[in-house]
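Visitor: I would like a close look at one part of this model, followed outward to whatever lies around it. Please take it step by step.

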Amino acid sequence: MAGDEFDLSGRVALITGGSRGIGRAVALALARRGAIVAVASRKLADCASVAAEIRTSGGRASAHACHIGEPAAIEAMVAAVEGQHGRLDILVNNAATNPYYGPALDMDLASWQKTLDVNLRGYFWASVQAARCMLRQGKGAIVNVASVNAFRPMDGQTCYSLTKAAIVNMTQGLAREWARHGIRVNALAPGIVETRFAAALHQDPNHRALVEQLVPLRRIAQPEEMAGAVVYLVSDAASYTTGSCLTADGGWLA
Ligand SMILES: NC(=O)c1ccc[n+]([C@@H]2O[C@H](COP(=O)([O-])OP(=O)(O)OC[C@H]3O[C@@H](n4cnc5c(N)ncnc54)[C@H](OP(=O)(O)O)[C@@H]3O)[C@@H](O)[C@H]2O)c1
């Protein structure tokens, strides 16, 4: 392999949930490697500010409003990205939700449905739409942001955790199915990362200290610490890697 196998120059990358947290860190990292980045989330203004940040640093980026729980919105988002940039090489399925935290016995079915619609159907449908573009190109890479909860559900998060376990399984299934088309599909399982999503675990200093004691590295992660794993998985450095799930969890699952 000649040259820089992490170089993503000219590749078009779509990141769902790219407006903040892990998604934003991934968007900025892919742009630093030369990718043209399409940033998507429900709030267009927040995506536009990440896209502007990328452009200010000399990169190319666009912003897209898309609710991942709505299949028609996913179709429109992928069509807009392909229409605007002419291709789609990388999809990072990252936007997820966790509307209910508590005992399964008390869970309402509306929260159950929302969790499955966004975390599972959303990842699947975005993968299918993106793969249709990648098929025409004969090459592509998808990363599904799962969670350590896929392997060890945290208390009060049964429904969220089972969607993440299903995402790991879906990653393997799609990797097998699309390998012959040159499309690699991998997953990332973050541990606890300091974002709005995980605020309940880190906002209160006392609770944070307890959580950090459970992590072998004795701290929770910053969003930027997830980005290198995604850069690796979508780049040619991982050309023989498909169907895998990489953990970045400070040793949580060890
Ligand atoms: N933080 C952790 O400790 C942790 C651990 C393991 C796994 N993860 C996973 O990492 C991923 C990113 O989480 P994060 O911690 O970075 O969360 P975050 O900081 O809260 O960011 C979530 C992103 O997703 C977008 N989003 C939320 N619901 C959406 C929807 N229905 N449709 C489209 N976009 C939506 C948000 O923007 P809008 O509000 O504009 O839509 C935002 O851009 C998720 O898949 C999560 O399960 C996180």
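Is Arg20 buried, partly exposed or exposed, and why?

Guide: The model is a predicted one. Arg20 is partly exposed, because 19 other C-beta atoms lie within 10 Å, and a residue counts as buried from 20 upward. Arg20 sits in the loop between β1 (12-16) and α1 (21-32). Leaving aside residues up to four places away in sequence, Arg20 touches Asp46 and Arg196. Gln172 is 152 residues from Arg20 in sequence, and the two are 27 Å apart in space, C-alpha to C-alpha.

The loop that holds Arg20 leads to α1, and that helix can be followed through its packing partners. One of them is helix α2 (residues 44-56), which packs against α1 at an angle of about 25°, with the axes 10 Å apart. An angle under 35 degrees counts as roughly parallel, so α1 is roughly parallel to α2. The crossing in which α1 passes α2 is right-handed. On the α1 side the contact is made by Arg24, Ala27, Leu28 and Ala31, and on the α2 side by Val50, Glu53 and Ile54. By class, the residues of the contact of α1 with α2 are five nonpolar, no polar and two charged.

α8 (224-234) is another partner of α1. The axes of α1 and α8 come within 8 Å and cross at roughly 50°. The two helices are therefore oblique to each other, and their crossing is right-handed. From α1, the residues Ile22, Ala25, Val26, Ala29 and Leu30 meet Glu224, Met226, Ala227, Gly228, Val230 and Val231 of α8. The contact of α1 with α8 has nine nonpolar residues, one polar and one charged.

α1 also has a part in the surroundings of the ligand. Three residues of the shell come from α1, and that is the largest share. There are 30 residues around the ligand, of which Gly17, Gly21, Arg42, Ala96 and Phe197 come nearest. Sorted by class, the shell has 12 nonpolar, 13 polar and five charged residues.

Going back to α8, the loop between α7 (205-214) and α8 (224-234) contains Arg218. Arg218 counts as exposed because it has 11 C-beta neighbours inside 10 Å, and the limit for that class is 12 or fewer. The phi angle of Arg218 is near 65°, which is a positive value in a residue other than glycine.

Another helix pair can be described in the same terms. Helix α3 (residues 71-85) and helix α4 (residues 109-137) have axes that come within 10 Å and cross at roughly 30°. That makes α3 roughly parallel to α4, and the crossing of the pair is right-handed. Pro71, Ile74, Glu75, Val78 and Glu82 are the α3 residues in this contact, and they meet Gly122, Trp125, Ala126, Gln129, Ala130 and Cys133 in α4. The contact of α3 with α4 divides into seven nonpolar, two polar and two charged residues.

Pro71, one of the α3 residues in that contact, lies in helix α3. Pro71 has 17 other C-beta atoms within 10 Å, so the residue is partly exposed. The C-alpha atoms of Pro71 and Val118 are separated by 9.5 Å, although the residues are 47 apart along the chain.

A last residue to set beside these is Val168, in helix α5 (residues 158-178). Val168 counts as partly exposed because 18 C-beta neighbours lie inside 10 Å. Apart from residues up to four places away in sequence, Val168 touches Ala146, Ala150, Ala187 and Cys245. Leu188 is 20 residues from Val168 in sequence and 8.7 Å away in space, C-alpha to C-alpha.

To return to the starting point, Arg20 is a partly exposed residue in the loop between β1 and α1. α1 itself is roughly parallel to α2 and oblique to α8, and α1 gives three residues to the shell around the ligand.

Note on methods
Residues numbered from 1 in each chain as written. Predicted model: local features only at pLDDT ≥ 70, side-chain atom pairs only at ≥ 80, totals over all residues. Helix = DSSP H or I, 4+ residues; strand = E, 2+ residues; numbered from the N terminus. Contact = placed C-beta atoms within 7 Å. Axes fitted to C-alpha atoms, helices over the stretch in contact; angles between N-to-C directions. Parallel < 35°, antiparallel > 145°, perpendicular 65-115°, else oblique. Left-handed = near helix turned anticlockwise from the far one by under 90°. Nonpolar A, V, L, I, M, F, W, Y, C, P; charged D, E, K, R; others polar. Near = placed C-beta within 6 Å.
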